[in-house]
Amino acid sequence: MSLLRKKTIEQSIADTDEPEYQLKKRLTALDLTVFGIGVIIGAGIFTLTGRAAKTYAGPGIAISFVLAAICCALAALCYAEFSSTVPVSGSAYTFSYFSLGEIFAWIIGWDLLLELMLGASVVAQGWSTYAALFLEQIGLGWPESIGPDSSVNVLAMLLVVVLATLATIGIKESLRVNLVLVAIKLFVVLFVIIAGLFYVKGSNLTPFIPPSVPTESGEVTITTPLFQALFGIAPSTFGVMGIVSGASLVFFAFIGFDVVATTAEEAKNPQRDLPRGIIGSLAICTVLYVLVCIVITGMIHYSDINSEAALAEAFRSVGRPGFATLISAGAVAGLTTVVLTLMIGAARVVFAMSRDHLMPRELGKTHRKWGTPYRLTIGIGILVALVAGLTPIGKLEEMVNIGTLAAFTLVSIAVPLLRRSRPDIKRSFRVPGNPVIPILAALICVYLMLNLSLETWLRFAIWMALGFVVYFVYGYRRSRVGVEERTGESTRA
């Protein structure tokens with residue numbers, strides 16, 4: 001039995017017709033685009049922009065967003081080809097199963113769990129900061145003992161519980177709520193851009209790329225980017241290396257277009273609508289991100305930015321507390337959609353893994369009425385709530401990024417491999433410039449990974465080691481493909 005055994009594309013598509021694992025096809029191109037925008041625009045604008053500008057790149061954080069967007073755009077092309085060709089739940093996990101083999105599928109599925117579950121937890125924490133600020137601004141307040149800076153963040157936990165309930169009831173119902181909240185969020189983002197332009201000062205944007213500054217000790221520590229540690233580059237912030245490090249951090253802001261691919265099985269016309277949803281949502285969000293970065297760093301000097309609530313505090317600093325209240329309300333609405341979408345994506349990935357018996361098969365069964373993997377959604381909601389409520393804010397973003405970049409790398413490599421092994425498959429969307437574009441996407445992803453800290457790499461190694469234990473103890477022996485290979489009998493109806 002081989003670690004590189006593959007599930008055929010035909011098997012992947014046939015699995016979608018099994019009654020107990022069948023998802024309802026209810027999503028349109030608009031649903032998918034809103035789904036993507038709903039998860040992409042969130043933590044990047046409302047929380048990470050200020051932190052990355054203040055710590056890494058100053059006004060040059062706009063360039064960091066462009067670099068991260070280029071990486072995502074290249075990877076997005078690869079995702080669009082796969083998801084439209086084989087519209088099956090699981091996103092990169094499913095793609096790698098039939099192109100690279102089971103062990104790579106497990107690695108990528110485990111990475112996606114890291115991305116989506118921790119991502120939902122991080123954003124829930126950012127939501128709680130803005131929610132507490134908003135409640136304070138309207139005179140209600142929230143007890144500090146159970147607030148964002150306490151040992152138990154009850155606000156974040158409450159949000160996750162409510163959204164997990166909504167996601168369990170149905171994906172179409174979830175996206176109706178998502179549509180309303182995305183409209184509010186886009187209004188607030190456009191308001192920030194237009195209103196903020198009147199308060200931009202050229203002096204705050206000069207120099208646009210602040211000169212490089214050595215870290216306090218100048219020595220390699222656990223928080224030093226791996227690239228700098230490997231090649232003996234003196235640890236520093238700002239300058240060119242600060243922009244690259246900033247790109248590695250704000251990459252978190254673009255997580256979302258790949259989540260669209262996790263809903264491929266629920267799209268009405270996946271061959272046409274998935275590429276539109278993935279690429280369209282990414283393009284819209286990139287333009288908005290760059291404009292917001294320029295406005296915020298132009299309104300207030302980067303060294304004075306409030307890294308926890310950058311947008312609201314920027315308007316408060318120029319004497320517009322009413323605007324700050326509106327932005328806090330928009331952030332509360334906006335971050336809500338991100339948490340909802342990430343949890344839906346996480347449930348769909350584990351759903352695909354359980355259908356392949358790499359995870360307990362009972363977890364993946366769908367509800368007869370709701371048509372959702374309800375057991376998984378509830379379980380993931382509980383885990384996300386615990387992590388969001390009990391983990392200190394600001395400790396998880398880079399972990400999310402490294403899991404995502406690892407997944408993007410493998411998906412990019414898989415495109416030219418599948419082109420060679422299965423040239424007969426009809427592809428409604430094809431990555432241009434194959435194999436150059438996919439290879440370039442993989443190389444950029446690896447480079448961004450190397451600019452994450454040693455601490456992040458250590459945690460990632462521990463997470464992957466845990467994943468291999470789970471796979472060899474459980475998944476390897478029970479794998480549906482493995483059982484069929486061993487017995488010569490199909491386990492499909």
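Hi everyone, this is a short walk through one helix, one helix pair and the cysteines of this structure.

The model is predicted, so local features need pLDDT of at least 70, side-chain atom pairs count only at pLDDT 80 or more, and totals for chains, interfaces and linings use all residues. Residues are numbered from 1 along each chain as its sequence is written, and side-chain values use heavy atoms, leaving out hydrogens and water.

Let's start with H2, residues 29-40. Helices here are DSSP runs of H or I, at least four residues, numbered from the N terminus. The expected span is 1.5 Å times one less than the number of residues, so the twelve residues of H2 should cover 16 Å, and the end C-alpha atoms are indeed 16 Å apart. How many of those twelve residues are buried? Eleven are, where buried means under 20% relative accessible area with a 1.4 Å probe, protein chains only. Among them are Asp 31, Phe 35 and Ile 40.

Now the pair: H5 (residues 92-99) packs against H6 (residues 102-137) at about 170°, with axes 7 Å apart. Angles over 145 degrees count as roughly antiparallel, and H5 and H6 are therefore roughly antiparallel. In contact, meaning heavy atoms within 4.5 Å, Ala 92, Tyr 93, Ser 96 and Tyr 97 of H5 meet H6 residues including Phe 104 and Leu 112.

Last, the cysteines. Cys 285 is buried at a relative accessible area of 0%, and Cys 293 is buried at 0% too. With a disulfide taken as a pair of cysteine sulfur atoms within 2.5 Å, the count is zero. Thanks for listening!

Notes:
Buried < 20%, exposed > 50% of the residue type's maximum accessible area, 1.4 Å probe, protein only. Helix = DSSP H or I, 4+ residues; strand = E, 2+ residues; numbered from the N terminus. Axes fitted to C-alpha atoms, helices over the stretch in contact; angles between N-to-C directions. Parallel < 35°, antiparallel > 145°, perpendicular 65-115°, else oblique.
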